[in-house]
Amino acid sequence: MVCARAQTAAMWLSCESCLCWISVWFTEDAGSVQGDEVEEFQPLCEVQSDKATIEITSRYKGKVGQLLYVPGDIVKVGETLLKVHVEGFEDEIQVSGLTEGHLAKPEVKESQQDKSKNCGVLSTPPVRDLAKEYGIDINDVSGSGPDGRVLKEDVLQYAVKKGILEDHVSSAASFRVQFDESETHTHAPDGVMWTYEDKKVQLRGFQRAMVKSMAIAAKVPHFHYVEEINCDALLELKASFQGNTTEPNVKHTSLPLLIKSLSMAMSKYPMLNSCFNEDSFEVTLKGSHNIGIAMATPHGLVVPNIKNVQSLSVLEITKELSRLQLLAMENKLSPGDISGGTITLSNIGAIGGKYGSPLLNLPEVSIIAIGRIKKVPQIADDGSVYPSSIMTVNIGADHRVLDGATVARFCNEWKRFIENPELLILHMR
């Protein structure tokens with residue numbers, strides 16, 4: 001028997017040292033179940049790190065003997081994910097995962113009891129928490145569920161047997177209420193007040209990454225520059241694209257035009273498209289305009305980026321943006337899609353709001369939040385009032401690298417392209 005280990009995930013998820021430890025978690029689409037026959041390199045499950053969702057494949061041909069985790073569990077690199085029966089092994093061999101300092105040596109001819117202790121038993125996180133609450137080693141509990149899975153009743157019965165609990169019935173009833181409250185709700189009788197309990201939610205994947213990145217970004221000295229931009233001509237050009245499109249499956253919006261005009265403005269002000277290394281006090285002016293687009297998904301905030309915008313047409317940008325949006329909503333973005341960004345654009349206007357005050361996506365030195373385009377009254381020089389489509393932009397900048405004058409001049413250049421989109425054709429290579 002061979003234990004397929006989470007070190008496989010590390011090799012897929014990170015190009016850094018093989019000894020780095022990252023948290024991964026099974027998605028609900030984990031494909032393999034106990035008893036399945038698997039081929040070498042066949043997908044076993046999906047795991048999600050703070051970078052991307054990755055598919056884990058089997059390194060062996062055999063039969064799945066035991067799953068040690070269920071969808072939703074958080075697993076550190078080096079932990080055993082599942083066991084696979086491999087033909088040709090007379091002795092039972094445990095392939096050890098990575099530890100912080102070395103690879104453990106294989107252990108041969110383990111007893112059945114020792115194997116159970118080392119590899120764990122099948123159970124859900126709430127059941128494990130219950131066993132921990134009563135100070136019970138869950139490996140000592142005999143499971144009555146399918147394939148030996150330890151159920152909550154097994155833990156409670158074991159606690160009664162060991163004298164930890166006196167009244168198994170009342171304890172089981174109390175525990176059942178605790179389990180069911182988060183899943184089912186019944187109507188309270190008249191005159192009975194609802195009781196509400198706190199619920200802890202474990203942050204995973206992109207949400208964990210946001211905690212780390214925003215905590216670091218908050219320590220960087222920011223300043224913000226706010227401007228209003230007339231989008232009448234931009235909206236007219238967008239409507240023209242949509243009315244004359246030769247590709248009915250392509251939906252034209254204002255965002256690709258904003259992205260392309262942003263790239264044109266950065267060509268004149270390359271400091272906005274740079275990153276800062278505070279250890280060496282060096283600023284790297286990026287040759288490629290890899291513009292990240294902040295996207296709100298059911299799985300958390302993610303910022304994939306469109307590579308080499310300076311070399312793409314508006315139509316190519318539109319198609320790439322659509323591809324990234326689709327993958328983001330399905331939680332299928334690759335590490336390449338979300339790495340290598342040089343500046344970030346946050347379209348808060350797609351949800352609502354006039355303007356936002358964004359924090360940097362380090363090591364980038366600038367980030368831009370754009371609000372909703374709204375029709376507002378404007379006053380001409382002669383005192384007449386006319387309607388205009390106005391968009392508010394808020395540019396957040398790293399004050400260690402950028403000064404207000406540079407950001408203001410850059411914004412004026414970007415504003416000029418947006419308000420006169422025909423200039424894009426004049427300057428486009």
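Leaving aside neighbours within four places in sequence, S346 touches A294, I368, A369 and I370, where contact means heavy atoms within 4.5 Å. S346 sits in strand β17, residues 343–346. With a relative accessibility of 15%, S346 counts as buried; buried means under 20% relative accessible area, exposed over 50%, and partly exposed in between, using a 1.4 Å probe and protein chains only. The model is a predicted one, in which local features need pLDDT of at least 70 and side-chain atom pairs count only at pLDDT 80 or more, while totals for chains, interfaces and linings use all residues. Residues are numbered from 1 along each chain as its sequence is written, and side-chain values use heavy atoms, with hydrogens and water left out.

Now for the chain as a whole. The secondary structure adds up to 12 helices and 20 strands; these are DSSP runs numbered from the N terminus, with helices being H or I of at least four residues and strands E of at least two. Of the 429 residues, 41% count as buried. The accessible surface is about 23,900 Å², and carbon and sulfur atoms own 53% of that; the areas come from the Shrake-Rupley method with a 1.4 Å probe, and for residues only the protein chains shown count as cover. Among contacts with a separation of 6 or more, 60% are between residues 24 or more positions apart.

Helix α8 (residues 254–268) turns up in three helix pairs, beginning with α7 (residues 232–243). The axes of α7 and α8 lie 9 Å apart, at an angle of about 120 degrees; axes are lines fitted to C-alpha atoms, for helices over the stretch in contact, and angles run from 0 to 180 degrees between N-to-C directions. The two helices are therefore oblique to each other, given that angles under 35 degrees count as roughly parallel, over 145 as roughly antiparallel, 65 to 115 as roughly perpendicular and the rest as oblique. The crossing of α7 and α8 is right-handed, meaning that the near helix is turned clockwise from the far one by less than a right angle, whereas anticlockwise would be left-handed. On the α7 side the contact uses L234, L235, L237, K238 and F241, and on the α8 side S254, L257 and L258. That set splits into six nonpolar, one polar and one charged; Ala, Val, Leu, Ile, Met, Phe, Trp, Tyr, Cys and Pro count as nonpolar, Asp, Glu, Lys and Arg as charged, and the others, Gly among them, as polar.

Next comes α9 (residues 314–329), whose axis comes within 9 Å of that of α8, crossing at roughly 120 degrees. That makes α8 oblique to α9, and the crossing is right-handed. Here α8 supplies L255, P256, L257, I259 and K260, while α9 brings V314, I317, T318 and L321. By class, this contact has seven nonpolar, one polar and one charged residues.

The remaining partner is α11 (residues 404–419), packed against α8 at about 140 degrees with the axes 9 Å apart. This pair is oblique as well, and α8 passes α11 in a right-handed crossing. From α8 come L258, S261, L262, M264, A265, M266 and K268, and from α11 come F410, E413, W414, F417 and I418. Nine of these residues are nonpolar, one is polar and two are charged.

Elsewhere, helix α4 (residues 152–161) has D154, V155, L156, Y158 and A159 as its buried residues. After α4 comes G163, with a positive phi near 80 degrees.

Several loops also have something to show. T124 lies in the loop between α2 (112–119) and α3 (125–133) and, at 27% relative accessibility, is partly exposed. Beyond neighbours within four places in sequence, T124 contacts V70 and R149. T124 and P71 are 53 residues apart in sequence, yet their C-alpha atoms are 9.2 Å apart in space. In the loop between β17 and β18 (366–370) is P363, and the peptide bond from L362 to P363 is cis, with omega near 10 degrees.

F281, a residue other than glycine, has a positive phi near 55 degrees. F281 belongs to the loop between β12 (274–277) and β13 (282–285), and counts as exposed at 70% relative accessibility. N308 is not a glycine either, and has a positive phi of about 55 degrees. N308 is found in the loop between β16 (305–306) and α9 and is partly exposed, with a relative accessible area of 32%.
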